[in-house]
Amino acid sequence: MYKREGIVFAHIQYVDNQPILDMIEKRPVGLLLTLDDMNRMPKSTDEGFVAKADSNHSNSSYYMTAARTRKGPKCFTVKHYAGEVVYDAEG
């Protein structure tokens, strides 16, 4: 449209964030769904949630397990478009 109308512009390349969004919210093992499932269990723990997340996503290039994050058994890292973000599941 812009070219057709003779408007000069710089095309912006966007990073496709869909794989990260899927890891966070896609059924059946998205991080938020896993958290919801763990919250329904009477004896679930913060460490249990992270262990389950590690199990479900350890093969993803966008996820770093608790062991690789090296901040304790309640932490994991998601590699977002803007950089690595460490999440702490405590509480």
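In this predicted model, the side chains of Asp 37 and Arg 40 meet in a salt bridge, with an N to O distance of 3.0 Å. Both residues belong to helix H2, which spans 31-40, and they stand three residues apart, about one turn of the helix. The two partners differ in how they are covered. Asp 37 has a relative accessible area of 36% and is therefore partly exposed, because that class lies between the limits of 20% and 50%. Arg 40, with a relative accessible area of 63%, is exposed.

A salt bridge is also formed by the side chains of Glu 47 and Lys 74, at 3.9 Å from N to O. This pair links distant parts of the chain, since Glu 47 lies in helix H3 and Lys 74 in the loop between helix H4 (66-69) and strand E2, 27 residues apart. The distance of 3.9 Å is accepted because the criterion asks for a Lys or Arg side-chain nitrogen within 4 Å of a carboxyl oxygen of Asp or Glu. Glu 47 has a relative accessibility of 34% and so counts as partly exposed. By this rule the count for the model comes to two salt bridges.

Helices H2 and H3 also take part in the largest pocket, whose volume is about 300 Å³. Its lining comprises 15 residues, and those closest to the centre are Leu 31, Leu 35, Phe 49, Phe 76 and Ala 89. Helix H2 (31-40), helix H3 (46-57) and strand E2 (75-80) each supply at least two residues of this lining. The largest share, five residues, comes from H2. Divided by class, the lining of the largest pocket holds ten nonpolar residues, four polar ones and one charged residue.

Nonpolar side chains also appear on the surface. Tyr 2, Ile 7 and Phe 9 make a nonpolar surface patch of about 290 Å². Of these residues, Ile 7 lies in the segment before helix H1 (18-25). Ile 7 has a relative accessible area of 40% and is therefore classed as partly exposed. The value of 40% is compatible with membership of the patch because patch residues must have over 30% relative accessible area.

The loops of the model hold further points of interest. The loop between H1 and H2 contains Pro 28, which is joined to Arg 27 by a cis peptide bond with omega of about 0 degrees. Further along the chain, the loop between H2 and H3 is the place of Ser 44. With a relative accessibility of 29%, Ser 44 counts as partly exposed. Ser 44 and Gln 18 are 26 residues apart in sequence, and their C-alpha atoms are 29 Å apart in space.

The loop between H4 and E2, already met through Lys 74, also contains Arg 70. Arg 70 is not a glycine, yet its phi is positive, at about 60 degrees. The residue has a relative accessible area of 76% and is therefore exposed. Both the positive phi and the cis bond deserve remark because most residues other than glycine have a negative phi, and most peptide bonds are trans.

Technical notes: Residues are numbered from 1 along each chain as its sequence is written. This is a predicted model: local features need pLDDT of at least 70, side-chain atom pairs count only at pLDDT 80 or more; totals for chains, interfaces and linings use all residues. Side-chain values use heavy atoms; hydrogens and water are left out. On a 1 Å grid over the protein atoms alone, a cavity is a set of points where a 1.4 Å probe fits but cannot get out, and a pocket is an open set with protein on both sides within 12 Å along at least five of seven lines; lining residues have an atom within 4 Å of a point. Grid points are joined across faces, edges and corners, and a volume is the space filled by probe spheres set on the points. Helices (H or I, at least four residues) and strands (E, at least two) are DSSP runs, numbered from the N terminus. Ala, Val, Leu, Ile, Met, Phe, Trp, Tyr, Cys and Pro count as nonpolar, Asp, Glu, Lys and Arg as charged, and the others, Gly among them, as polar. Patches are made of residues with over 30% relative accessible area and no salt bridge: like charges are joined within 9 Å, nonpolar side chains (Val, Leu, Ile, Met, Phe, Trp, Tyr) within 5 Å. Accessible areas come from the Shrake-Rupley method with a 1.4 Å probe; for residues, only the protein chains shown count as cover. Buried means under 20% relative accessible area, exposed over 50%, partly exposed in between (1.4 Å probe, protein chains only).
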